[in-house]
Amino acid sequence: MFIDPALIDQVTINSLLAVVAILVVSLLASRALLPSAATRTDHASFVWFTFDALIHAIFEGSFVYNSTFGRTVNSGKNMFALLWQEYAKADERWGTADPTIVSIEIMTVFVDTAICLLVLRQLIKNDPSRHFWIVVVSLIEIVGGWMTFAPEWLTGSPYLNTHVWLWNYVYLWFFNGLWVVIPVALIADSYKQIMQGLHAKSKTA
């Protein structure tokens, strides 16, 4: 049987439903807040940065809370600790307040979230300077992903549990892959927009 019922408990279901709920909120926010003239790319970007900001602030913010000042996810009893205990089945470092992971997440929660909110504000105002900040935050996301997993790969991945399909393909590859594929696509689009603006300016100079 492809889906092992033993893998899907209430915490697993609640965790995945929470992600879906944040995605729905992001879609509704895009419809409600962007001007009617916004392009499909603008809507897609707005959905992503809303989703990104909420994930960073709520989920990863709760991880930082549960992993600092002597706390660990594995010793926590609140609902967010249980959520991260589920993810820690795939990457054990998230359950033990690994200093590298916590350091990356502190930056993610405070820096990435702030830039995401700035980009959202600029999207609503159709401010072209958003493309600079899109490149900045997307690069931070990619570097953060690299610094999360590169130390593991270089040491033989002792804390990654890839023998269970849910943990490997959903938790590790899918969810982390989103924060690589989408930022790369955003960087490519913003680079194109920046270069078009520079070429147009050079022709009128």
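This section describes the fold, the pockets, the salt bridges and selected surface and loop residues of a predicted model.

The secondary structure of the predicted chain consists of six helices and zero strands, and, read along the sequence, these elements follow the pattern α-α-α-α-α-α. Taken along the principal axes, the C-alpha atoms fill a box of roughly 60 × 40 × 35 Å. The chain has 205 residues, of which 41% count as buried.

Two pockets were examined. The largest pocket encloses about 900 Å³ of space, and 36 residues line this pocket, with Tyr-87, Phe-149, Tyr-171, Phe-175 and Asn-176 lying closest to its centre. Two or more lining residues are contributed by each of helix H1 (10–33), helix H2 (40–66), helix H3 (79–87), helix H4 (99–124), helix H5 (130–154) and helix H6 (165–204). In terms of residue character, the lining of the largest pocket divides into 21 nonpolar, ten polar and five charged residues.

The second largest pocket holds about 300 Å³ of space. Its lining is made up of 16 residues, among which Leu-23, Trp-48, Phe-51, Leu-178 and Ile-182 are nearest the centre, and H1, H2 and H6 each supply at least two residues of that lining. The lining of the second largest pocket comprises 14 nonpolar and two polar residues, with no charged residue, whereas five charged residues occur in the lining of the largest pocket.

Three salt bridges are present in the structure. One of them joins Asp-42 to Arg-130, with the closest N and O atoms 3.2 Å apart; this pair links distant parts of the chain, since Asp-42 belongs to helix H2 and Arg-130 to helix H5, 88 residues apart. Both Asp-42 and Arg-130 are buried. A further salt bridge is formed by the side chains of Lys-89 and Glu-86, at an N to O distance of 2.8 Å. The partners in this pair fall into separate accessibility classes: Lys-89 is partly exposed, with a relative accessible area of 30%, while Glu-86 is buried, with a relative accessible area of 3%. In the salt bridge between Asp-91 and Arg-93, the closest N and O atoms are 2.7 Å apart. Asp-91 counts as buried because its relative accessibility is 0%, and Arg-93 is likewise buried, with a relative accessible area of 4%.

On the surface, Ile-106, Met-107, Phe-110 and Val-111 form a nonpolar patch that has about 350 Å² of accessible area together. Within this patch, Phe-110 lies in helix H4, and its relative accessibility of 59% is the reason why Phe-110 counts as exposed.

Two residues other than glycine were noted for positive phi values in loops. Phe-69, with phi near 55°, is located in the loop between H2 and H3, and is exposed, with a relative accessible area of 79%. Ala-97, for which phi is near 60°, is found in the loop between H3 and H4.

Separations along the chain and in space were also compared for two pairs of residues. Leu-82, which is found in helix H3, counts as partly exposed at 33% relative accessibility. The C-alpha atoms of Leu-82 and Ser-15 are separated by 9.1 Å, although the two residues stand 67 residues apart along the chain. Leu-33, which lies in helix H1, is also partly exposed, with a relative accessible area of 47%. For Leu-33 and Trp-146, which are 113 residues apart in sequence, the C-alpha to C-alpha distance in space is 33 Å.

Definitions and conventions. Residues numbered from 1 in each chain as written. Predicted model: local features only at pLDDT ≥ 70, side-chain atom pairs only at ≥ 80, totals over all residues. Heavy atoms only, no water. 1 Å grid on protein atoms, 1.4 Å probe; cavity = no way out; pocket = protein on both sides within 12 Å on 5 of 7 lines; lining within 4 Å. Points joined across faces, edges and corners; volume = space filled by probe spheres on them. Helix = DSSP H or I, 4+ residues; strand = E, 2+ residues; numbered from the N terminus. Nonpolar A, V, L, I, M, F, W, Y, C, P; charged D, E, K, R; others polar. Patch = residues over 30% accessible without salt bridge, like charges linked within 9 Å, V, L, I, M, F, W, Y side chains within 5 Å. Areas by Shrake-Rupley, 256 points an atom, 1.4 Å probe, with all protein chains shown as cover. Salt bridge = Lys/Arg side-chain N within 4 Å of Asp/Glu carboxyl O. Buried < 20%, exposed > 50% of the residue type's maximum accessible area, 1.4 Å probe, protein only.
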